[in-house]
Amino acid sequence: MVVNASQDDPEKARRFREAALPYLDDAYTLARYLLRDAADAEDAVQECYLRAYKHFDSYRGPAMKPWLFAILRNVCRAEYARRKTAPTAVEELPEGGEQTPLWNEAPETPEKQLLRRFDGETVRKLVAALAEPFRETFVLREIQNLSYREIADVAAVPVGTVMSRLARARAMLRSAWLAEQEQAK
Amino acid sequence: MTCEEAEVLIHALIDGELDAGHAREVEAHVEGCAHCAALMKEYQEIRQAIAESDLRYKAPLELRRKIEKSLPQPQAQAAPTRRSVLRGFALGSAVSAMAATGLVAIVLRNDDEQRIENEVVSAHLRSLQAGHLTDVISTDQHTVKPWFNGKLDVSPPVIDLTAQGFTLIGGRLDYVNAREIGAVVYKRRQHVINLFVAQTANTERKTAKISTLQGFNIRRWSDRGLNYWAVSDLGADELSEFGDKFEGAMRANKEG
């Protein structure tokens, strides 16, 4: 009913603003890490909020943040598809990639001394260099503080996959961290 | 438990995602395995370093504006009611003069005031998240005030109230009532005060009104074409004191 819709809209928009806009920085942060481009991230987040508003009537949970992230992730995947040349798109990763044993990733004996601390810019760079989908899992866990269950829902994979991806992500980050440390010496 | 299994499960252990039984198993393995113990220590250090680095990005204000614009606007602006139109007439030539100079006339209805107070409290809450409080950090009013120039259609008054017990800590652009608004940030002890300033077509002076919303106190007043909302978790008495000091200093500035 058009008449009702026009009366409901400001109220719906108000509820949507209150529920969804507080997560704008979170959504933008996720998009920045997924797309690794500021302008693309802005477009993706705007599209995400448009879609979220459109489907807000049927929103019954889960928590708003993972719900927005699931939408945003789909938008970003469409963007991957558009960038046909991107070699790291989720779809193109061979399934076997995740089963690579961890010890091939980080063969060095863990060092006794404390890990060197880097500035935020360097850490961002190390995280951004992680391959998809490990970067996605890592960012959802360490920067967005989602639980394994929520990450599984956002990425549409089983919890076990979240666990193995996160293990791989941290192993890769550790290798990159040690390499950066070596270089900085 | 093998090292292969442990190397996956130590992550779930670090993240507190294991049930008690599995957690004990992994802990038992780590205790007896120097390799896994050292790995786990490193992962914890990396995790700590990540938590302490600021890896988040702040959404550009332009993006917030675009999203706000794409949503249906509040009813009052979309379709003014008969009453608000009439009130517009009652304001008469002052409004026409301002409309002519390109100023935006906003006629507030009571329910709008309520809605805007809600938004102002939301903006206050947003500002309290890490890294969101200030876009320009300075205790110097001569740094904060010029920073707003060119960012808003009105330059909010920035007054140093340190001597009166309210420390100026900076300024920020925020978004209230579907438009950009200036926020001047003060602190008393550990309490943050956000002073939101927006232009209004109504130049009539309105005396202060204190209200409480979601546990926050709001002191609202209008003076010389500007609407003010001071929001804080400070008690109503101290927030009133802030407003009085601010208005007093404004009067002194005008006379001086």
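**Figure 1. A:Arg174 and B:Glu42 make a salt bridge, with their closest N and O atoms 2.3 Å apart.** This contact crosses from one chain to the other: A:Arg174 sits in helix 9 (residues 159-184) of chain A, and B:Glu42 sits in helix 3 (residues 34-52) of chain B. Both A:Arg174 and B:Glu42 are buried. Keep in mind for this and every view below that the model is predicted. Over all chains, the salt bridge count comes to 32.

**Figure 2. Helix 3 of chain B also holds a salt bridge between B:Lys41 and B:Glu45.** Here the N to O distance is 3.2 Å. B:Lys41 and B:Glu45 are about one helical turn apart, because four residues separate them along helix 3 of chain B. How covered is each partner, B:Lys41 and B:Glu45? B:Lys41 has 44% relative accessibility, so it counts as partly exposed. B:Glu45 comes in at 15%, so it counts as buried.

**Figure 3. In helix 8 (residues 110-127) of chain B, B:Glu119 and B:Arg115 lie four residues apart, about one turn of the helix.** Their side chains meet in a salt bridge, at 3.0 Å from N to O. B:Glu119 has a relative accessible area of 17% and is therefore buried, the cut-off being under 20%. B:Arg115 is buried as well, with a relative accessible area of 13%. Elsewhere, salt bridges with shared partners tie B:Arg205, B:Arg219, B:Asp223, B:Arg224, B:Asp244 and B:Glu247 into one network.

**Figure 4. Chain B has an open, antiparallel sheet of seven strands, in the order 1-2-3-4-7-6-5.** At the edges are strand 1 (136-137) and strand 5 (206-213) of chain B, each of which pairs on one side only. What is strand 5 of chain B joined to? Its antiparallel partner is strand 6 (residues 216-223) of chain B, and six bridges hold the two together. To find your way in this view, look for B:Thr212, whose bridge partner in strand 6 of chain B is B:Asn217.

**Figure 5. Strand 3 (residues 179-188) of chain B is mostly covered, with eight of its 10 residues buried.** On one pairing, nine bridges link strand 3 of chain B in the antiparallel sense to strand 2 (residues 167-176) of chain B. B:Thr167 and B:Lys187 are bridge partners in that pair. Strand 3 of chain B also pairs with strand 4 (residues 191-199) of chain B, again in the antiparallel sense, over seven bridges. B:Lys187 turns up here too, with B:Val192 as its bridge partner in strand 4 of chain B.

**Figure 6. A hairpin with two residues between its strands joins strand 2 and strand 3 of chain B.** In that turn, B:Asn177 has a positive phi of about 55 degrees. Strand 3 and strand 4 of chain B form a hairpin too, with two residues between them. Here the turn residue to look at is B:Arg189, with a positive phi of about 50 degrees.

**Figure 7. B:Arg224 has a positive phi, near 45 degrees, though it is a residue other than glycine.** You'll find B:Arg224 in the loop between strand 6 and strand 7 (226-232) of chain B. B:Arg224 is partly exposed, with a relative accessible area of 43%. It is also one of the residues in the salt-bridge network mentioned under Figure 3.

**Figure 8. Two loops of chain A have backbone features worth a look.** The peptide bond from A:Glu132 to A:Pro133 is cis, and its omega is near -5 degrees. A:Pro133 belongs to the loop between helix 6 (120-128) and helix 7 (134-143) of chain A. A:Asn145 is in the loop between helix 7 and helix 8 (148-155) of chain A. A:Asn145 is not a glycine, yet it has a positive phi of about 55 degrees. Is A:Asn145 buried or exposed? It is exposed, with a relative accessible area of 55%.

**Figure 9. B:Gly131 and B:Tyr57 are 74 residues apart in sequence, but 9.7 Å apart in space from C-alpha to C-alpha.** B:Gly131 lies in the loop between helix 8 and strand 1 of chain B. With 66% relative accessibility, B:Gly131 counts as exposed.

**Figure 10. B:Glu4, B:Glu5, B:Asp19 and B:Glu25 form a negative surface patch.** One of them, B:Glu4, is in helix 1 (residues 3-14) of chain B.

Methods
Residues are numbered from 1 along each chain as its sequence is written. Chains are lettered from A and ligands numbered from 1 in the order in which they are written. This is a predicted model: local features need pLDDT of at least 70, side-chain atom pairs count only at pLDDT 80 or more; totals for chains, interfaces and linings use all residues. Side-chain values use heavy atoms; hydrogens and water are left out. Patches are made of residues with over 30% relative accessible area and no salt bridge: like charges are joined within 9 Å, nonpolar side chains (Val, Leu, Ile, Met, Phe, Trp, Tyr) within 5 Å. Accessible areas come from the Shrake-Rupley method with a 1.4 Å probe; for residues, only the protein chains shown count as cover. A salt bridge is a side-chain nitrogen of Lys or Arg within 4 Å of a carboxyl oxygen of Asp or Glu. Lys and Arg count as positive and Asp and Glu as negative; His and the chain ends are not counted. The place of a charge is taken as NZ of Lys, CZ of Arg, CG of Asp or CD of Glu. Two strands pair if DSSP finds at least two bridges between them. Buried means under 20% relative accessible area, exposed over 50%, partly exposed in between (1.4 Å probe, protein chains only).
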